[in-house]
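Dear colleague,

I am handing over the structure below, and after it you will find my notes on what turned up when I went through it. Please read them with the coordinates open beside you.

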Amino acid sequence: MFAFINGRLDSIRGDSVVIDAGGVGYRLLTAPSILSRLPPVNSEVKLHTHFIVREDAHTLYGFITRDELGMFETLLSVSGVGPKAALSLVSTLQPPQFGLAVLTEDYKLISQAPGVGTKLAQKIAFELRDKMKKELAGPKGGRGASPGSGSAGDGIFAITDAAGASFVDHGKFGEAVEALIVLGCSAAEANGIVSAVYKEDAPLEDIIRSALMELGH
């Protein structure tokens, strides 16, 4: 119903803000990390929104970036995850950090969010990793993937080495490339970055972290 609210920041009230847009005050619940990044009261502000309708309440949630909104909505797709837990995770982890945690099933990192226990963190990592793989395997997945490359859902990629020779990778290299594609890189960019940081004896998590550092995350 609402894609975003753009207007004057009227007030900040604990876990929410009020935005005056066209003479109407909209109250949006949001995460502490977002509240801390808002401009001063009476400044112009734009928040991307998610609207939840329940029998007892109609609630707007607001986010500074589309990635934060996307992370929130993705979390809500997991059974057992409500708005409170989703906001806690948005406040604790940046979207790229969260994506990395899901892809590497790092439930310990996910459980650092207040109110998110180990069992729920494991459920989030397990369910969303499968969904990410399915998205990559589908017609809309693998942003920038070249035709004829292997299915990202199977962790198989067509990799080109420095000499231009192509080969198929079924191991850590392919998993690392897959992770970068899910986080927004094109297949070519992901291949190049992983090639630059890849070490055969390094754990997958370390390879992905090194690749993200190369990207400037």
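Glycine 184 is partly exposed, since its relative accessible area is 35%; please bear in mind here and throughout that this is a predicted model. Glycine 184 belongs to the loop that runs between helix 7 (172-182) and helix 8 (187-197), and its C-alpha atom is separated by 9.2 Å from that of proline 96, although the two residues are 88 residues apart along the chain.

Turning to the strands, strand 2 (residues 16-21) and strand 3 (residues 24-29) run antiparallel and are joined by six bridges, with arginine 27 in strand 3 as the bridge partner of valine 18. The hairpin that these strands make has two residues between the strands, and in it glycine 22 takes a positive phi near 65°. Strand 3 also pairs with strand 5 (residues 58-63), in this case in the parallel sense and over two bridges, and there leucine 29 has tyrosine 61 in strand 5 as its bridge partner.

A second positive phi deserves a look. Most residues other than glycine have a negative phi. Asparagine 42, which is not a glycine, nevertheless has a positive phi of about 85°; this residue lies in the loop between helix 1 (32-35) and strand 4 (44-53), and it counts as exposed because its relative accessible area of 53% is over the 50% cut-off.

The structure holds eight salt bridges. In one of them the side chains of arginine 37 and glutamate 68 meet at 2.7 Å, N to O; because arginine 37 lies in the loop between helix 1 and strand 4 whereas glutamate 68 lies in helix 2 (residues 66-76), the pair ties together parts that are 31 residues apart in sequence. Arginine 37 is partly exposed at 41% relative accessibility, while glutamate 68 is buried at 7%.

Another salt bridge, at 2.9 Å from N to O, joins the side chains of glutamate 127 and lysine 123, both of which lie in helix 6 (residues 118-137), four residues apart, or about one turn of the helix. Lysine 123 is partly exposed, with a relative accessibility of 31%. Arginine 129 and glutamate 175 likewise meet through their side chains in a salt bridge of 2.9 Å, N to O, and since arginine 129 lies in helix 6 and glutamate 175 in helix 7, this pair ties together parts that are 46 residues apart in sequence. Arginine 129 is buried, with a relative accessible area of 15%. In addition, Arg8, Asp10 and Asp20 are joined into one network by salt bridges that share partners.

As for the aromatic residues, the structure holds five aromatic pairs. The ring centres of phenylalanine 2 and tyrosine 26 are 6.0 Å apart and their planes stand at 70°, so the pair is edge-to-face; it links distant parts of the chain, with phenylalanine 2 in the segment before strand 1 (4-13) and tyrosine 26 in strand 3, 24 residues apart. Both rings belong to partly exposed residues, phenylalanine 2 at 25% and tyrosine 26 at 23%. Phenylalanine 63 and phenylalanine 72 form a tilted pair, at 4.8 Å centre to centre and 40° between the planes, and here phenylalanine 63 is buried at 0%, as is phenylalanine 72, also at 0%. Ring pairs also link Phe2, Tyr26 and Phe51 into a cluster. Finally, the charged end of lysine 46 sits over the ring of phenylalanine 4, 4.2 Å from its centre.

With best wishes

Definitions and conventions: Residues are numbered from 1 along each chain as its sequence is written. This is a predicted model: local features need pLDDT of at least 70, side-chain atom pairs count only at pLDDT 80 or more; totals for chains, interfaces and linings use all residues. Side-chain values use heavy atoms; hydrogens and water are left out. Buried means under 20% relative accessible area, exposed over 50%, partly exposed in between (1.4 Å probe, protein chains only). Two strands pair if DSSP finds at least two bridges between them. A salt bridge is a side-chain nitrogen of Lys or Arg within 4 Å of a carboxyl oxygen of Asp or Glu. Rings of Phe, Tyr and Trp (its six-membered ring) pair if their centres lie within 6.5 Å; planes under 30 degrees apart count as stacked, over 60 as edge-to-face and the rest as tilted. A charge sits over a ring if NZ of Lys or CZ of Arg is within 6 Å of the ring centre and within 35 degrees of the ring normal.
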